[in-house]
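This report goes through selected side-chain pairs, one helix and a few surface residues of the structure below.

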Amino acid sequence: MNVLYSGVDFSLPGNGGSECVNYLSWQQRLIETLLFTALSIIEVRISLKFLSKVEVNSRKEFKWNNPLLAASCLVFGIEIGYKLSSMQLLWIFNPCHMVNIMQIILLLLPQSRFSHALFRLHANILNAPTLALLFPVTNTRILPLETFNYYVQHILLPFTAMSLMTVGPYSMEPLPDLSWVWLAMGSMRIYHFWVLQPIALYTQVNLNNILCPAVSDPFAGRWYRIAANTHQTAFMILHSKALVLLSRRLSSNRNHND
């Protein structure tokens with residue numbers, strides 16, 4: 001267990017500790033957990049009812065697969081190395097690392113309905129690396145080139161996704177289709193409140209700021225989690241549809257050049 005979180009420095013703002021755990025009362029945490037759990041169940045049930053089907057484009061060859069797989073594994077492996085050397089492996093549960101793992105799986109898997117469904121689900125949570133670039137939290141990264149690897153990873157994630165769409169065989173749902181983004185939102189709420197929150201409360205490690213706000217959070221305060229769920233609902237939809245439009249534009253330009 002020492003390798004998981006014994007190296008976490010709770011004196012650094014946003015890392016965790018008793019003050020972070022007590023940032024919100026247990027009553028408020030309970031009410032918010034029940035509220036957003038109910039919301040997530042509704043989102044998942046509705047999305048599954050209207051979930052659009054995926055089509056497998058097995059004939060399309062993806063020449064960038066191996067280079068992207070090598071780059072993704074290298075960057076993720078370096079990140080694991082940093083976490084192991086600093087005894088902070090628990091941070092690997094943060095959503096951006098989960099997206100990294102999903103992309104490695106996608107690059108390893110043969111095409112199937114499952115892989116295409118996994119791609120769409122992962123594409124709709126790519127707001128996570130975008131947020132990490134807009135509001136970087138690097139005050140806890142003190143090892144050599146650790147901050148550099150942070151930016152490389154969070155730039156590589158959207159680049160890999162766009163490559164899989166524009167050069168590779170995958171595609172996102174039609175522009176008016178909200179079923180996949182609602183599924184992603186419901187899944188992420190469940191992941192935060194029923195996976196990250198229990199682990200964070202037990203270890204006092206502030207996983208993805210579920211215990212207290214990040215130092216760069218402009219909505220820091222008692223209601224920061226409600227604010228985050230509100231603005232991220234809107235941002236996930238806008239981000240998802242922006243990816244659809246961007247991938248179409250890039251694919252169109254590529255086909256025109258070919």
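Glu173 is buried, with a relative accessibility of 1%. In this predicted model, Glu173 forms a salt bridge with Lys241, and the closest N and O atoms are 3.7 Å apart. The two residues sit in distant parts of the chain: Glu173 is in the loop between helix 8 and helix 9, Lys241 is in helix 10, and 68 residues separate them. Lys241 also counts as buried, at 11% relative accessibility.

Lys241 has a further link to the loop between helix 8 (146-166) and helix 9 (179-203), where Leu178 is found. Beyond its neighbours within four places in sequence, Leu178 is in contact with Ile237 and Lys241. Leu178 itself is partly exposed, at 32% relative accessibility. Its C-alpha atom lies 29 Å from that of Pro213, a residue 35 places away in sequence.

**Salt bridges**

The model has 5 salt bridges. The table gives three of them, including the one already described.

| Pair | Closest N to O distance |
|---|---|
| Lys83 and Glu79 | 2.4 Å |
| Glu79 and Arg141 | 2.7 Å |
| Lys241 and Glu173 | 3.7 Å |

Shared partners join Glu79, Lys83 and Arg141 into one network. Within helix 4, Lys83 and Glu79 are 4 residues apart, which means about one helical turn between them. The other link ties together parts of the chain that are 62 residues apart, because Glu79 lies in helix 4 and Arg141 in the loop between helix 7 and helix 8. Lys83 and Glu79 are both buried; the relative accessible area of Glu79 is 0%. Arg141 is buried as well, at 13%.

Which residues does Gln153 touch, not counting those up to four places away in sequence? They are Val75, Phe76, Glu79, His97 and Asn100, so Glu79 of the salt-bridge network is one of the contacts of Gln153. Gln153 is in helix 8 and is buried, with a relative accessible area of 1%.

**Helix 5**

His97 and Asn100 are among the buried residues of helix 5, as are Pro95 and Leu107. Of the 14 residues in this helix, 10 are buried, so helix 5 is largely enclosed by the rest of the structure. The cover over its buried residues includes helix 4, helix 6 (113-123), helix 7 (127-134), helix 8 and helix 9. At 1.5 Å a residue, helix 5 should span 20 Å, and its end C-alpha atoms are indeed 20 Å apart.

Ile105 is also in helix 5 (residues 95-108), but it is partly exposed, with a relative accessible area of 35%. Together with Ile101, Leu109 and Phe114, Ile105 makes a nonpolar surface patch of about 330 Å².

**Aromatic pairs**

There are 5 aromatic pairs. One of them, Tyr23 with Tyr224, is edge-to-face, with 5.8 Å between centres and 85 degrees between planes. Its members are 201 residues apart: Tyr23 is in the loop between helix 2 (18-21) and helix 3 (26-50), and Tyr224 is in helix 10 (residues 224-257). Tyr23 is partly exposed at 34% relative accessibility, whereas Tyr224 is buried at 3%.

Trp64 and Phe159 form a stacked pair, because their planes are at 15 degrees, with ring centres 6.3 Å apart. This pair also links distant parts of the chain, Trp64 being in the loop between helix 3 and helix 4 (65-85) and Phe159 in helix 8, 95 residues apart. Trp64 is partly exposed at 38%, and Phe159 is partly exposed at 44%.

Conventions: Residues numbered from 1 in each chain as written. Predicted model: local features only at pLDDT ≥ 70, side-chain atom pairs only at ≥ 80, totals over all residues. Heavy atoms only, no water. Patch = residues over 30% accessible without salt bridge, like charges linked within 9 Å, V, L, I, M, F, W, Y side chains within 5 Å. Areas by Shrake-Rupley, 256 points an atom, 1.4 Å probe, with all protein chains shown as cover. Salt bridge = Lys/Arg side-chain N within 4 Å of Asp/Glu carboxyl O. Buried < 20%, exposed > 50% of the residue type's maximum accessible area, 1.4 Å probe, protein only. Contact = heavy atoms within 4.5 Å. Phe/Tyr/Trp six-rings, centres within 6.5 Å; stacked < 30°, edge-to-face > 60°. Expected span 1.5 Å × (residues − 1).
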